[in-house]
Each structure stands twice: as C-alpha cells, then as structure tokens.
Amino acid sequence: MANFDQVTMGLAELLDAKKAEKIVLLDVSRQTILAETFVVCSGRSPAQLRMLADEAEQYMAKNGIFKKRMEGYRQGRWIVVDFGDLLVHLFHREEREFYDIERLWKDKDNFLEYEGLPEFCEAGKNS
C-alpha cells in the first residue's frame with residue numbers, strides 16, 4: 001500500500017468531514033510527470049463540489065501549498081484543483097462513474113481508499 005504525507009492525509013480527513021464520498025488517494029509518481037499524488041472523491045451536487053474545492057484550497061494554503069489553477073468550478077461537475085505535485089479531482093457521481101479515472105491510474109499498491117481516521121473507524125464499529 002502507498003504511503004501518503006501528513007498534508008495529503010489531512011486533506012482526505014477534511015474532505016471526509018465535509019461529506020465527500022469514496023475518497024481515493026493515488027500515488028501516480030511512477031506513472032506521470034503531471035503530479036505525485038491524485039486525490040479523487042465524489043459529491044452529490046455542484047454546490048457541494050464547489051464547497052469542497054474551496055475548503056481544499058483553504059486547507060492547502062494554511063499548509064503553505066497554493067493553488068496553481070482550477071478547472072470546472074463554474075459547472076461543478078468535475079473540478080480539478082492543481083496544487084503542483086498534488087491534483088484534487090472532485091467529481092459529481094455520474095461523471096466519476098463515466099470517466100472512472102481510478103481505473104487508469106490504480107496499480108496494485110499505489111492507492112489508499114480513505115475510510116476515515118482509525119480511531120473514528122474503531123469507534124464506529126463499537127456503536
């Protein structure tokens with residue numbers, strides 16, 4: 001399984017707290033020069049996806065990593081936020097199913113399907 005830095009894991013935690021769905025972290029460093037990491041997740045509406053993009057931008061800025069560019073914000077169906085070595089892909093459910101970018105980039109050991117922090121996962125199992 002791939003290892004991801006603290007900022008990337010914190011971003012996944014933030015997206016999870018904001019109700020993003022099916023969060024996947026991908027280490028694409030061996031497959032492309034575009035980025036080191038992709039963070040992929042889904043949302044239920046264009047408004048939610050725009051909010052997730054805004055929250056991701058604020059979180060990364062607080063960690064000294066600034067947005068280079070953003071595409072798809074106005075339509076809110078597939079938003080890509082470029083932070084240099086990290087690209088965040090925010091999909092509406094239908095677009096995510098259609099484009100299925102994980103299929104293109106997943107390898108046997110380069111991804112993590114984020115399911116929350118371990119202490120929260122364990123607490124949820126005991127409820």
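Asp100 is partly exposed, with a relative accessible area of 29%, where partly exposed lies between buried (under 20% relative accessible area) and exposed (over 50%), using a 1.4 Å probe and protein chains only. This is a predicted model in which local features need pLDDT of at least 70 and side-chain atom pairs count only at pLDDT 80 or more, while totals for chains, interfaces and linings use all residues. Residues are numbered from 1 along each chain as its sequence is written, and side-chain values use heavy atoms, with hydrogens and water left out.

Asp100 is not a glycine, yet has a positive phi, and Lys22 likewise has a positive phi without being a glycine. The table sets out their values; helices (H or I, at least four residues) and strands (E, at least two) are DSSP runs, numbered from the N terminus.

| Residue | Phi | Location | Relative accessibility |
|---|---|---|---|
| Lys22 | about 45° | strand S1 (residues 21-27) | 68%, exposed |
| Asp100 | about 45° | loop between helix H3 (93-99) and helix H4 (101-105) | 29%, partly exposed |

Across the whole structure there are four aromatic pairs, counted when ring centres of Phe, Tyr and Trp (its six-membered ring) lie within 6.5 Å, with planes under 30 degrees apart called stacked, over 60 edge-to-face and the rest tilted. The rings of Phe38 and Trp105 have centres 5.2 Å apart and planes at 75°, so this pair is edge-to-face. It links distant parts of the chain, since Phe38 belongs to strand S2 (residues 37-43) and Trp105 to helix H4, 67 residues apart; both residues are buried. Ring pairs also join Trp78, Phe91, Phe98 and Tyr99 into a cluster.
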